[in-house]
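Colleague: Hi! Could you walk me through this structure? I'm new to this, so plain words please.

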Amino acid sequence: IDSYRFISNLIVARDSIFFQTSGSNLPRKLWKMDSNGQSLEALDIEMGTYMSLLGYAGDLFYFYNYDEVTGGEPWVSDGTNAATRLLKDINPGSALSRPHFLAELGGKALLIAYDEMHWREPWISDGTSDGTFMLKDINPGPNSSRIWDYSVSGERLFFNAEDGSHGRELWVTDGTTKGTHLVKDINPGEGDGYPYEFFAVARIMYFGASDGAHGYELWRTDGTKLGTWMVKDINPGGADSGPHSITPIDSGFLFTATDGVNGRALWFSDGSELGTVMIKDIVDNQTNGWGRPLHPMVFDNRLFFRADDGIHGSELWATRGSSGSTSLVAEFVPGTGGSFPKPLGIVNNRMFVKVSDASSDDALWILNEGSEVFQKIPDVGVRVNLGQRAAYDGIFVFSGRTDEYGDELWISDGTPEGTQRVTDIAAGPASSATIAIFGMIDDYIIFSANDGSARGTCCGHGRRAGSTVRPLPGRRLNDVLFCTRRKPPLEVAFSELPWG
């Protein structure tokens, strides 16, 4: 693996990690690493130029691969050479089907794929060729259904699509042909209801949509026509309230919307018209959108979010779902400048918040459950880009900056004494640029790093990380595996795993 300059398309799939390697004048390879880090295997198949990883369903891993005979098609693997194969030549011959992974439903993979007779439509696969078929030709003939926004609730996927007769409307599938159907023609006729930003609360799917007579308002569905209706006309008439950022809390959910009188304010709903009410307009100015709540996170029975009331700048607010319980909870930087706080994750009953204070770096602050006092983690800054996820069971992982060591990988249990730099990957004040944290399986965390001897790019789930990543060797620290480049050896007094 040392001969390969780039690792890309890294994906965490249940108890395994799959990734692709490439390099100058070297063939692409697909690799699998198991969850305990003790097995690394290159799958013995010829990878095409356009290979990419799609997703995981059942016990199978789906990926897109190209060869000159079948073109670009979905492939499948269980992580062994014997079971790594072309799934189906959906678009026959050397043409491309360009599959896109939507979700796992009932252990099967729900895909969007293209063929010349139907264009892009939904497909389902159980991992076999015979068990891979088009669910429904939603927009008949060579016309794509153009599936866009979608979300899973239980064993059903809700999405918007076009069928050529009803415009872009609300659809649902349970992974069967019979169970794939139009739920409701929200904007009757050829107009678009355009349902968007689906979010399930207690098995009811909420979303924004327009019926043509009203603007884009809050709607709900249970998956049936009779069970689909507008919850409330928040901005009366044809104007939009534009509901966004639906977040469950206690007996309902919070979201943002505008009623035409107030700005983009915080609202609460229990799913009924009477129970949908504005909690607070952070900025008393209809034309000012800066008061809108951002980066919501539920912690300690409250919703924390960033907002700017025009007086204190962009600071941290919280609510329990009522007007009286909604207030500014921390002004990290006094005055109108604001600290632009962003809740990052919850570990060990502590919420981690990134704050831009008076220093040149962002700072990490912690709030304990049941407390109103924030504590700052001293002597370390935190980079803005923390990768996909940063909070895991019992540990918070981040890229921290100090004058002595530059940017390196840090971990925290939520206490100042439990916050520590893992190692100095790029020796001295040079930065290892550990800015992309890809995921976690069991006790193992996978991240990208640069030790200063080589540069490249890494792409995990479509995110560019701007650094070279090689998953060898592994080192354990408090039962956490940190994967980085092989050379030079990490200066940590822990035994190297045997696959190095």
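Modeller: Happy to help, and here is a chat about salt bridges, a cavity and some strands. One thing to know at the start is that this is a predicted model.

Colleague: Good to know. Let's start with charges: how many salt bridges are there?

Modeller: The count comes to five salt bridges. As background, side chains of opposite charge can pair when their charged atoms come close.

Colleague: Nice. Which residue does Arg302 form a salt bridge with?

Modeller: Arg302 pairs with Glu372, and their closest N and O atoms are 3.4 Å apart. Arg302 sits in strand 26 (residues 302–308), while Glu372 is in the loop between strand 31 (362–368) and strand 32 (374–382), so this pair ties together parts that are 70 residues apart in sequence.

Colleague: Is Arg302 buried or exposed?

Modeller: Arg302 is buried, because its relative accessible area is 6% and the cut-off for buried is under 20%.

Colleague: And what about Lys354, what does its side chain meet?

Modeller: The side chain of Lys354 meets that of Asp362 in a salt bridge, 3.7 Å from N to O. Asp362 and Lys354 are both buried.

Colleague: Which residues do shared salt-bridge partners join into one network?

Modeller: Arg146, Glu162 and Arg168 are joined into one network by salt bridges that share partners. Within it, the side chains of Glu162 and Arg168 meet at 3.4 Å, N to O. Glu162 is buried, and Arg168 is buried too.

Colleague: Okay, changing topic. How many cavities of 30 Å³ or more does the structure hold?

Modeller: It holds two of them. Let's look at the second largest cavity, which has about 50 Å³ of space.

Colleague: What lines the second largest cavity?

Modeller: Its lining includes Ser245, Thr247, Leu254, Phe255, Thr256, Leu303 and Phe305. The elements that give two or more residues to this lining are strand 21 (244–249), strand 22 (252–257), strand 25 (294–299) and strand 26.

Colleague: Which strand gives the most to that lining?

Modeller: Strand 22 does, with three residues.

Colleague: How do the lining residues divide into nonpolar, polar and charged?

Modeller: Eight are nonpolar, three are polar and none are charged.

Colleague: You mentioned strand 25 and strand 26. In what order do the strands of their sheet come?

Modeller: The order is 25-26-27-28, an open sheet of four strands with antiparallel pairing. Strand 25 and strand 28 (327–330) stand at the edges with a single partner strand each, so one side of each has no neighbour in the sheet. On average, neighbouring strands of this sheet are turned by 40 degrees against each other, direction ignored.

Colleague: How many bridges join strand 25 to strand 26?

Modeller: Four bridges join that antiparallel pair. Val298, for example, stands opposite Leu303 in strand 26. Leu303 is also one of the residues lining the second largest cavity.

Colleague: Oh, I like that link! And which sheet holds strand 21 and strand 22?

Modeller: They belong to another open sheet of four strands, in the order 21-22-23-24, with antiparallel pairing. Its edge strands are strand 21 and strand 24 (277–280), each of which pairs on one side only. The twist averages 30 degrees from one strand to the next.

Colleague: What joins strand 23 to strand 24?

Modeller: Three bridges join strand 23 (residues 265–269) to strand 24, and the two run antiparallel. The bridge partner of Trp267 in strand 24 is Met278.

Colleague: Last topic: why is strand 6 described as largely enclosed?

Modeller: Strand 6 (residues 60–67) has eight residues and six of them are buried, so it is largely enclosed by the rest of the structure.

Colleague: Which strands does strand 6 pair with?

Modeller: One partner is strand 5 (residues 52–57), in the antiparallel sense over five bridges. Ser52 has Tyr64 of strand 6 as its bridge partner. Another partner is strand 7 (residues 71–77), joined to strand 6 by seven bridges, and this pair also runs antiparallel. There, Phe63 stands opposite Trp75 in strand 7.

Colleague: How many residues sit between the strands in those hairpins?

Modeller: Two residues lie between strand 5 and strand 6, and Gly58 in that turn has a positive phi of about 60 degrees. The hairpin of strand 6 and strand 7 has three residues between its strands.

Colleague: Thanks, that was easy to follow!

Note on methods
Residues are numbered from 1 along each chain as its sequence is written. This is a predicted model: local features need pLDDT of at least 70, side-chain atom pairs count only at pLDDT 80 or more; totals for chains, interfaces and linings use all residues. Side-chain values use heavy atoms; hydrogens and water are left out. A salt bridge is a side-chain nitrogen of Lys or Arg within 4 Å of a carboxyl oxygen of Asp or Glu. Buried means under 20% relative accessible area, exposed over 50%, partly exposed in between (1.4 Å probe, protein chains only). On a 1 Å grid over the protein atoms alone, a cavity is a set of points where a 1.4 Å probe fits but cannot get out, and a pocket is an open set with protein on both sides within 12 Å along at least five of seven lines; lining residues have an atom within 4 Å of a point. Grid points are joined across faces, edges and corners, and a volume is the space filled by probe spheres set on the points. Ala, Val, Leu, Ile, Met, Phe, Trp, Tyr, Cys and Pro count as nonpolar, Asp, Glu, Lys and Arg as charged, and the others, Gly among them, as polar. Two strands pair if DSSP finds at least two bridges between them. Axes are lines fitted to C-alpha atoms, for helices over the stretch in contact, and angles run from 0 to 180 degrees between N-to-C directions.
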